[in-house]
Amino acid sequence: MYSPGGLPTRSSPVPRPIKRHHSVRQIAHRVHDSFTSRLCKLICAIFLTLVLVVGLIFFILWLSLRPHRPRFHIHEFGVVGLGQGSDITQIQFNASARNANHNIGVHYDSMDGSVLYKDQSIGSKPLLFPFYQGPKNTTAVGDTITVTTLKENSQRWTEIMNERRMAGAVVFRLEIISIIRFQISKWHSRPHRMHASCEVSVGPDGVMLPIYKDKRCPVYFT
């Protein structure tokens with residue numbers, strides 16, 4: 001090349017890219033980082049898999065060992081004195097408590113029964129002593145409750161007799177209240193207050209109507 005004055009000039013050489021040579025230490029460091037990253041991902045994947053498997057096992061165990069509440073049925077119910085139109089002195093009943101669980105027992109720490117008319121108690125008493133009910137087992141619950149508040153011509157007695165005359169039947173409610181604990185192997189649950197509410201109707205003779213025989217009673221906890 002020539003300068004503007006006609007004198008020859010030497011052109012600057014074009015710079016070539018510098019080749020960088022990685023040392024053995026740098027290559028080993030990169031390989032180590034890549035291996036560590038893969039190992040961490042593998043450990044995380046194994047841990048998550050174990051968590052899912054353990055969670056699934058516990059869920060299956062919970063489904064199989066989840067306690068079901070006892071089942072109560074009313075079989076007989078009679079009001080002594082209603083058919084004669086005299087003092088109502090006693091109420092007799094027969095019911096049953098069923099533990100339908102396969103592997104779970106039920107401890108009844110206490111059981112009390114009361115009879116209500118229009119949500120007002122007309123008699124109550126303790127029913128059974130504390131007892132243990134094994135799996136797939138049924139216990140008879142029957143007793144006689146003494147009534148002292150339904151004397152002839154009292155206000156409540158008059159209401160019952162009017163309902164008997166006008167409707168041809170009288171509605172009562174048997175309430176069974178129990179304190180129970182579930183048992184799985186050697187483990188016991190905390191105590192639960194359980195209510196079995198059995199609504200029944202009796203005819204003019206004071207005997208439970210056939211439609212209510214062996215009827216299942218709703219059960220709830222408080």
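Colleague: Which elements are included in what covers the buried residues of α2?
Modeller: Heads-up, this is a predicted model: local features need pLDDT of at least 70 and side-chain atom pairs 80 or more, while totals for chains, interfaces and linings use all residues. Numbering runs from 1 along each chain as its sequence is written, and side-chain values use heavy atoms, without hydrogens and water. In α2 (a DSSP run of H or I, at least four residues; strands are E, at least two; both numbered from the N terminus), the buried residues (under 20% relative accessible area, 1.4 Å probe, protein chains only; exposed is over 50%, partly exposed in between) are Trp157, Ile160 and Met161. Their cover, by contact (heavy atoms within 4.5 Å), includes β3 (105-117) and β7 (170-184).

Colleague: Within what arc do the buried residues of α2 fall?
Modeller: Gln155, Met166 and Ala167 are exposed on the other side of α2. The buried ones, Trp157, Ile160 and Met161, line one face of the helix, because down its axis (taking directions from axis to C-beta atoms) they fall within an arc of 95 degrees.

Colleague: How far apart are the end C-alpha atoms of α2?
Modeller: Helix α2 has 13 residues, 155-167. At 1.5 Å a residue (times one less than the residue count), α2 should span 18 Å, and this agrees with the distance between its end C-alpha atoms, 18 Å.

Colleague: Which element gives the most to the largest nonpolar core?
Modeller: That core (buried Ala, Val, Leu, Ile, Met, Phe, Trp, Tyr and Cys joined through side-chain atoms within 4.5 Å) has 42 residues, with Phe72 and Phe172 among those with the most contacts inside it. Elements giving two or more residues include β1 (71-80), β3 and α2. With seven residues, the top giver is β7.
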